[in-house]
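Please examine the following model from its overall fold to its individual residues. The paragraphs below treat the secondary structure, the dimensions and selected local features in turn.

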Amino acid sequence: MRKNEITDFLGDSLEKPIKPIVFQKGVCQENIYIGNAVDLEKIPIPIHAPKDGGPFITGGVVVSKGLYSEVQNLSF
């Protein structure tokens with residue numbers, strides 16, 4: 001794709017989105033920790049560069065849905 005075609009491509013993609021595949025259960029739902037069982041050190045958070053002070057999440061995304069509606073949201 002050429003640089004001058006990107007804007008049209010993105011516009012077309014927004015107007016004609018691809019329908020998602022919906023799964024009832026996923027591998028990400030196999031382990032659920034609640035309350036005091038939550039331990040963030042169990043999550044494979046990477047160290048991005050040799051001099052980083054430790055692992056950290058960059059560009060994290062939260063996928064959520066309203067409790068009383070089907071409206072979904074992505075929070076970066």
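**Fold, dimensions and local features**

The protein chain contains one helix and two strands. In sequence order these elements give the pattern α-β-β. The model is predicted, and its confidence is therefore worth considering at the outset, pLDDT being the predictor's confidence in each residue. The mean pLDDT of the protein chain is 87, and 100% of the residues score at least 70. Among the elements of the protein chain, helix H1, residues 6-15, has the highest confidence, with a mean of 93, whereas S1 has the lowest, with a mean of 85.

The overall dimensions come next. The radius of gyration of the protein chain is 18 Å, while a compact globule of 76 residues would have one near 11 Å. The C-alpha trace extends over about 50 × 45 × 20 Å along its principal axes. Of the 76 residues, 1% count as buried. The protein chain exposes an accessible surface of about 8,000 Å², and carbon and sulfur atoms account for 59% of that area.

Helix H1 offers a starting point for the local description. Leu10 is located in this helix. Is Leu10 buried, exposed or partly exposed? Its relative accessibility is 47%, so Leu10 is classed as partly exposed, since that class lies between the limits of 20% and 50%. Leu10 also contributes to a nonpolar surface patch of about 420 Å², together with Met1, Ile6 and Phe9.

The loop between H1 and S1 includes Pro46. Because its relative accessibility is 42%, Pro46 likewise counts as partly exposed. Pro46 is separated from Phe56 by 10 residues in sequence, and the C-alpha atoms of Pro46 and Phe56 lie 6.5 Å apart in space.

The strands complete the path along the chain. Strand S1 comprises residues 62-65 and strand S2 residues 72-75. How do S1 and S2 run, parallel or antiparallel? They are antiparallel, and four bridges join S1 to S2. Two such bridges are enough for strands to count as paired, so S1 and S2 meet the criterion. Within this pairing, Ser64 stands opposite Asn73 of S2. The connection from S1 to S2 is a hairpin of six residues. In a regular strand, side chains alternate between the two faces of the sheet.

Definitions and conventions:
Residues numbered from 1 in each chain as written. Predicted model: local features only at pLDDT ≥ 70, side-chain atom pairs only at ≥ 80, totals over all residues. Heavy atoms only, no water. pLDDT = per-residue confidence, 0-100. Patch = residues over 30% accessible without salt bridge, like charges linked within 9 Å, V, L, I, M, F, W, Y side chains within 5 Å. Areas by Shrake-Rupley, 256 points an atom, 1.4 Å probe, with all protein chains shown as cover. Salt bridge = Lys/Arg side-chain N within 4 Å of Asp/Glu carboxyl O. Buried < 20%, exposed > 50% of the residue type's maximum accessible area, 1.4 Å probe, protein only. Rg over C-alpha atoms; globule rule 2.2 N^0.38 Å.
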